[in-house]
Amino acid sequence: APAGTVPVCRYFSTTFAPKSSHFYSALASDCDWLQSNPNWQFEGYAFNVVLPAVDGSCPARYAPVYRVYNNGQGAAPNHRFTTDLAVRNQMLAQGYVAEGYGIGVSMCSPN
């Protein structure tokens with residue numbers, strides 16, 4: 001893993017049958033909570049990322065990755081990730097909730 005990065009955990013659940021859901025997070029608190037929840041199966045670490053500062057800012061040469069949550073709409077949890085602030089705002093207008101640091105930055109991606 002590159003220096004200064006953290007692993008992104010990947011979890012899967014079929015608790016919402018007939019729908020299923022994957023969840024990705026670089027936040028240790030999210031990963032720890034899911035690890036203790038029997039409804040979610042740890043699938044491994046998917047990749048590594050740089051974490052944003054608590055205000056949601058990313059280091060130079062990195063773009064914010066926004067995470068939004070459907071707040072349970074559609075009978076299963078659903079998260080969307082985007083680097084486009086306009087898409088993030090459209091999702092919020094549809095009832096999604098921002099998750100992460102600052103205005104909902106969950107990780108930073110190289111530009």
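Colleague: What makes β1 and β2 a pair of strands in this predicted model?

Modeller: Between β1 and β2, which run antiparallel, there are five bridges. Pairing requires at least two bridges, and therefore the five between β1 and β2 satisfy the criterion. Within this pair, Y11 has F23 of β2 as its bridge partner.

Colleague: How do you know that β1 and β3 are paired, and in which sense?

Modeller: Strand β1, residues 6–13, is joined to β3 by seven bridges in the antiparallel sense. The threshold is at least two, so β1 and β3 also count as paired. V6, for instance, stands opposite V49 in β3.

Colleague: What is the strand order of the sheet, and which are its edge strands?

Modeller: The order is β2-β1-β3, an open sheet of three strands with antiparallel pairing. β2 (21–25) and β3 (41–49) are called edge strands because each pairs on one side only. From one strand to the next, the twist averages 25 degrees.

Colleague: Which residues of helix α1 are buried, and why are they said to line one face?

Modeller: In α1, residues 28–35, the buried residues are D30, C31 and L34. When the helix is seen down its axis, they fall within an arc of 95 degrees, so they line one face of α1. The face turned away from that buried side carries A28, S29, D32, W33 and Q35, which are exposed.

Colleague: Against which strands do the buried residues of α1 pack?

Modeller: They pack against β1, β2 and β4, the last of these spanning 62–69.

Colleague: Which residues form the largest nonpolar core?

Modeller: That core has six residues, namely C9, Y11, F23, C31, L34 and W40. β1 and α1 each supply at least two of its residues. Another core, of five residues, lies apart from it and includes V8, A26, V49 and V65.

Colleague: With which residues is C9 in contact, its neighbours within four places in sequence left aside?

Modeller: C9 is in contact with F23, Y24, S25, C31, F42, G44 and Y45.

Colleague: How many salt bridges does the structure hold, and what makes R10 and E43 one of them?

Modeller: The structure holds three. For R10 and E43, the closest N and O atoms are 2.5 Å apart. The limit is within 4 Å, and therefore this pair qualifies as a salt bridge. It links distant parts of the chain, with R10 in strand β1 and E43 in strand β3, 33 residues apart.

Colleague: Why are R10 and E43 both called partly exposed?

Modeller: The relative accessible area of R10 is 27%, and that of E43 is 38%. Buried means under 20% and exposed means over 50%, so both values fall in between.

Colleague: What makes R67 a salt-bridge partner of D30 and of E99?

Modeller: The closest N and O atoms are 3.2 Å apart for R67 and D30, and 2.9 Å apart for R67 and E99. Each distance is within 4 Å, so each pair is a salt bridge. R67 in strand β4 and E99 in strand β6 (residues 97–99) are 32 residues apart. D30, R67 and E99 are thus linked in a network of salt bridges.

Colleague: Is R67 buried or exposed, and how do you know?

Modeller: R67 has a relative accessibility of 5%. Buried means under 20%, and therefore R67 counts as buried.

Colleague: What is noteworthy about the phi of R61, and where is R61 found?

Modeller: R61 has a positive phi of about 75 degrees although it is not a glycine. Most residues other than glycine have a negative phi. R61 is found in the loop between β3 and β4.

Colleague: Is R61 buried or exposed, and on what value does the answer rest?

Modeller: The relative accessible area of R61 is 68%. Exposed means over 50%, so R61 is classed as exposed.

Conventions
Residues numbered from 1 in each chain as written. Predicted model: local features only at pLDDT ≥ 70, side-chain atom pairs only at ≥ 80, totals over all residues. Heavy atoms only, no water. Helix = DSSP H or I, 4+ residues; strand = E, 2+ residues; numbered from the N terminus. Axes fitted to C-alpha atoms, helices over the stretch in contact; angles between N-to-C directions. Buried < 20%, exposed > 50% of the residue type's maximum accessible area, 1.4 Å probe, protein only. Arc of directions from axis to C-beta. Contact = heavy atoms within 4.5 Å. Core = buried A, V, L, I, M, F, W, Y, C linked by side-chain atoms within 4.5 Å. Salt bridge = Lys/Arg side-chain N within 4 Å of Asp/Glu carboxyl O.
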